[in-house]
Amino acid sequence: MPELTSWLLPWDDDRPCKYVVVFSRFQGRLLLSRHRDRSTWETQGGHVEPGESPWEAARRELWEESGAEEFTLEPLFHYHARLAADPQDPGAAGAVFFAEIARLGPLPESEMAQVKAFDSLPENITYPGITPRLYQRIQGRFTHQEDGMDLHILINPNAGRQIIMQDLEAVYGAFQSAGDRPRLELTVNAAHSAEVLGRVMEEKPGAIVCCGGDGTLSATVNGLLAGGSQIPLGYIPAGTTNDFASFLGLPKEPPRAAELIAWGQPGPIDIGRFDDRYFVYVASFGAFTQTSYSVTQSLKNSLGHLAYVIEGIKELPVLKSYPVRVETAEGGLYEGDYLFGSVSNSTSLGGIIKLDGSQVDPTDGKFELSLVKRPKNLHELNRILRSLMTGKVDEELITFVHTAGAAFSCGEPMPWSLDGEYARGGENVKVEVLPGALKLYR
């Protein structure tokens with residue numbers, strides 16, 4: 001059966017849907033039906049007929065496919081699914097219900113041949129691409145546990161323009177409405193954030209959500225991976241540039257980002273390792289590298305993205321290049337006097353440098369190596385700046401390759417930036433890609 005990509009959405013009476021799915025509980029167990037032409041098991045449900053509401057369709061399908069005569073019906077949520085291999089597939093939307101059956105009658109004459117009660121979802125199900133995804137959300141109703149999950153929301157209240165503080169109630173409500181049990185943790189500084197994260201990891205919640213800028217995200221990922229944690233991570237972008245969030249297409253509004261996490265599903269993304277540290281979307285040296293970590297928080301709060309541009313312009317008169325030798329994991333060798341270099345997994349770096357979105361995939365096991373040659377004159381400098389700000393590579397001046405890792409050698413220590421934070425680089429640095437190292441809601 002083709003692999004599906006699916007999304008869960010909160011219940012909305014006005015949301016159109018093509019299908020209904022009913023998870024039925026009878027005498028405390030999951031009641032499934034078997035089609036007369038199949039040996040697999042499935043929930044009750046089917047198409048919404050013309051002129052029929054989802055509620056009416058759910059009641060009809062439940063009776064036709066189980067023989068339920070007395071029951072209560074509760075709307076849960078909506079879903080949308082499409083073929084994973086075809087981004088152009090419009091997919092189909094459905095409504096999910098929960099039924100508590102008090103009395104079963106004879107199975108009506110229909111395509112169903114049998115009903116059977118299970119303690120949990122069996123392996124031999126008719127629709128393995130979507131049913132387990134839906135069941136995961138409500139399995140507590142059949143295992144005598146609460147629906148939803150425990151999660152901790154780590155908040156950097158100083159990130160961006162501190163707008164997150166205005167949305168805390170809506171963020172909290174988004175998780176509560178999905179049946180989750182959120183706990184808010186406001187952090188004071190980097191040391192306190194690390195302390196809180198360590199404590200939260202020990203509690204092993206269903207998910208950890210970090211709320212802040214790119215630096216907050218990077219610090220949280222470092223803590224998770226350094227601690228060997230497999231806890232899924234949600235990210236509510238609330239910083240100044242939010243490069244990685246923009247690349248992933250995460251909502252800019254904190255309540256919407258929270259809703260995506262509450263109803264979403266974590267998936268693997270690649271992470272970079274820089275010696276013994278981790279980075280989410282960029283490790284860079286040279287021009288504009290200092291910009292990312294020298295802009296003060298107060299300047300970012302007052303000017304936003306413009307603060308990075310101003311700081312980048314200030315660097316232009318003192319641009320410094322480095323003689324660097326780079327060897328990629330695939331055996332490529334590059335040597336030259338480079339003004340800037342990066343290993344990245346995003347289309348925007350520091351809010352200034354742009355990469356072509358068609359060339360960047362956060363899950364392909366490779367990052368993008370960019371090396372910018374030292375310009376010989378103002379004309380070449382203009383070409384470089386135009387190329388970096390538009391994402392159109394000038395191949396005479398810029399090297400751009402996909403790689404699973406790279407080793408950098410330089411005759412002098414080079415300062416680096418990891419996700420906008422300073423990193424001591426030294427003369428020899430190794431960068432590698434860790435495929436699928438993080439589970440992220442997106």
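**Getting to know a predicted model**

Mentor: Welcome! In this predicted model, the crossing of α4 and α8 is right-handed.

Trainee: Which residues of α4 make the contact with α8?

Mentor: Both helices contribute residues here. From α8 come Pro-254, Pro-255, Ala-258, Glu-259, Ile-261, Ala-262 and Trp-263. On the other side, the contact is made by Ala-170, Val-171, Ala-174, Phe-175 and Ser-177.

Trainee: How many residues of the contact of α4 with α8 are nonpolar, and how many polar or charged?

Mentor: Sorting them by type is a good next step. The contact divides into 1 charged residue, 1 polar and, on the nonpolar side, 10.

Trainee: Are α4 and α8 roughly parallel or roughly antiparallel?

Mentor: Look at the axes of α4 (residues 168–177) and α8 (residues 254–263), which come within 8 Å and cross at roughly 20°. Angles under 35 degrees count as roughly parallel. Therefore α4 is, relative to α8, roughly parallel.

Trainee: Which helix gives the most to the largest nonpolar core?

Mentor: That core has 41 residues, and Phe-175 is one of those with the most contacts inside it. Phe-175 also touches Ala-258, Ile-261 and Ala-262, among others. With 5 residues, the element that gives the most to this core is α8.

Trainee: Is His-78 buried or exposed?

Mentor: You will find His-78 in strand β6 (residues 68–83). Among the residues it touches are Trp-7, Asp-12 and Arg-15. Because its relative accessibility is 1%, His-78 counts as buried.

Trainee: What separates the C-alpha atoms of His-78 and Arg-15?

Mentor: Along the chain, the two residues are 63 residues apart. In space, their C-alpha atoms are separated by 8.2 Å.

Key. Residues numbered from 1 in each chain as written. Predicted model: local features only at pLDDT ≥ 70, side-chain atom pairs only at ≥ 80, totals over all residues. Heavy atoms only, no water. Axes fitted to C-alpha atoms, helices over the stretch in contact; angles between N-to-C directions. Helix = DSSP H or I, 4+ residues; strand = E, 2+ residues; numbered from the N terminus. Parallel < 35°, antiparallel > 145°, perpendicular 65-115°, else oblique. Left-handed = near helix turned anticlockwise from the far one by under 90°. Contact = heavy atoms within 4.5 Å. Nonpolar A, V, L, I, M, F, W, Y, C, P; charged D, E, K, R; others polar. Core = buried A, V, L, I, M, F, W, Y, C linked by side-chain atoms within 4.5 Å. Buried < 20%, exposed > 50% of the residue type's maximum accessible area, 1.4 Å probe, protein only. Lists of a residue's contacts leave out its neighbours within four places in sequence.
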